[in-house]
Amino acid sequence: DLSEPSAAERALLSQRELLEGVRLSCEAQIVGPHARIELEEDGAPAIETSLLHRSAEWAPWARGLGLAVDIGTTTAAAYLWDLETRALLGVRACKNPQEIYGADVVSRLETSMGGGGQALQSALLRCLDQLARQLCREARRSVDELGGGVITGNTVMLYLLHGLPVEEIALAPFAARHLFGVFRPAAELGLHWGRSCTLYIPPCISAYVGADISCGLLACDMLAAREGLLLADIGTNGELAFFTGRRLLCCATAAGPAFEGVGISCGSGAMEGAVEAVSLEEGHLRPHVIGGGPARTLCGSGLLDAVYCLRQLGQLEESGFLEAEEVPLGERVRLTRRDIRALQLAKAAVCAGMETLLHTAQAVPGRVCLAGGFGCRLSLESAAGIGLLPAALAARAEPAGNTAAAGASLLLRSRAMTAEVERIAGLAETVELAANPLFQERFISDMALEVIP
């Protein structure tokens with residue numbers, strides 16, 4: 001038996017959910033003498049691992065095997081290279097184990113400042129060691145053959161990986177003293193990647209624009225983009241970089257985890273059983289499920305499509321008001337009013353960030369690269385239709401895969417790329433959004449679910 005629903009549960013759960021016995025595990029208490037808890041097994045994660053191709057001279061700074069790793073807030077992806085034969089031997093991806101401490105960087109910063117820094121670091125180190133062992137085992141090679149590694153990620157992830165005090169990046173004025181761009185022994189960091197393995201940690205740009213963006217710009221061949229390039233890594237953190245051909249302007253928006261399916265009533269990341277797309281057929285919503293089975297959850301790209309389809313049907317107002325309390329997307333999956341509001345907040349933050357960069361630069365990019373899993377899965381029509389992307393950018397946008405890992409692989413394979421990525425980071429100007437009146441004005445107006453000119 002369970003305790004009666006608490007005030008928090010009554011406030012957060014709908015009447016239907018309460019009648020169906022839905023409870024919040026953080027509130028419900030077992031009051032009977034016997035209890036049995038069953039946890040439903042997650043589907044296999046469908047993590048984006050495709051790499052953008054950019055040619056570069058093959059001149060690695062290490063020998064033997066090399067490992068390129070992108071540590072994202074939600075996921076981690078690793079690529080094993082044979083630096084002698086130039087072959088990609090394997091790719092592995094997994095969820096970031098730090099997710100138990102919170103879905104976003106803010107919650108993990110709070111955990112670290114509260115004394116949990118070592119636990120956060122240990123979780124990452126174990127994850128990276130496991131990825132290395134799995135990849136080497138599958139390739140029938142030894143971890144001791146690892147001669148080099150490149151580890152990229154946002155600034156917070158790299159701080160936590162190194163066990164550094166995070167107060168300077170968690171509290172105003174958010175001035176990071178450690179921006180990396182350094183070589184160091186893997187063993188010194190606490191990784192078991194081979195007795196003589198050396199790591200390169202690419203340079204970050206600021207406290208909230210990390211090495212993942214530096215690597216992404218490298219992979220997109222930013223310095224050769226004469227007509228301008230906008231890189232948008234849209235995920236738990238919305239990191240944006242706009243190179244005009246002369247200036248490199250960067251910013252980070254607190255989009256929140258809605259695009260990753262976190263905080264959504266039936267949400268999840270992209271995995272088997274998740275609704276990844278929604279289309280209209282004879283006036284009805286038709287969900288498309290990863291793996292083709294019954295719908296179990298809803299991921300970010302499916303959420304985006306569902307909202308766009310409801311707007312097309314006239315069932316959802318521009319303000320975000322939904323007349324029905326919820327909309328079914330399968331027997332077990334539904335879309336609620338709170339889900340729509342979470343999407344509005346996330347998309348407004350990203351779009352307002354883009355508009356602020358364009359206004360600051362007084363220019364429009366000729367090419368827009370959408371990085372990461374959500375960026376690769378989203379429908380450009382849906383994104384433009386509800387105002388996630390300004391209309392001027394939607395026609396120029398293209399999915400670019402895991403640009404952070406693509407850049408990390410380039411850095412592993414070519415010594416010349418380390419000088420180029422450091423040049424990119426050195427060009428960057430950070431545009432602060434927190435006190436920017438244009439960003440604040442656009443954020444409010446961008447909450448509307450409409451095409452933005």
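Here is a short chat about a three-strand sheet and a helix pair in a predicted model.

User: What makes strand 11 and strand 12 edge strands?
Analyst: The sheet is open and its strands come in the order 11-10-12. Strand 11 (284-289) and strand 12 (297-298) each have a single partner strand, so one side of each is left without a neighbour in the sheet.

User: How do you know that strand 10 and strand 11 pair?
Analyst: Pairing takes at least two bridges between the strands. Six bridges join strand 10 (residues 274-281) to strand 11, and the two run antiparallel. For a spot to look at, find Val 275, which sits opposite Val 289 in strand 11.

User: What packs on that sheet?
Analyst: Helix 8 (residues 300-313) does, touching strand 10, strand 11 and strand 12. Its direction makes about 20° with that of strand 10.

User: Why is helix 9 called oblique to helix 15?
Analyst: Look at the angle: the axes of helix 9 (residues 337-361) and helix 15 (residues 437-445) cross at roughly 140°, coming within 8 Å. Roughly antiparallel would need an angle over 145, and roughly perpendicular runs from 65 to 115. The crossing angle therefore makes helix 9 oblique to helix 15. As for handedness, helix 9 passes helix 15 in a right-handed crossing.

User: Which residues make that contact?
Analyst: Helix 9 brings Leu 345, Ala 348, Ala 349, Ala 352, Gly 353, Glu 355, Thr 356 and His 359, while helix 15 brings Leu 438, Phe 439, Arg 442 and Phe 443.

User: How many of the residues in the contact of helix 9 with helix 15 are nonpolar, polar and charged?
Analyst: The split is seven nonpolar, three polar and two charged. Gly goes with the polar ones under the scheme used.

Key. Residues numbered from 1 in each chain as written. Predicted model: local features only at pLDDT ≥ 70, side-chain atom pairs only at ≥ 80, totals over all residues. Heavy atoms only, no water. Helix = DSSP H or I, 4+ residues; strand = E, 2+ residues; numbered from the N terminus. Contact = heavy atoms within 4.5 Å. Axes fitted to C-alpha atoms, helices over the stretch in contact; angles between N-to-C directions. Parallel < 35°, antiparallel > 145°, perpendicular 65-115°, else oblique. Left-handed = near helix turned anticlockwise from the far one by under 90°.
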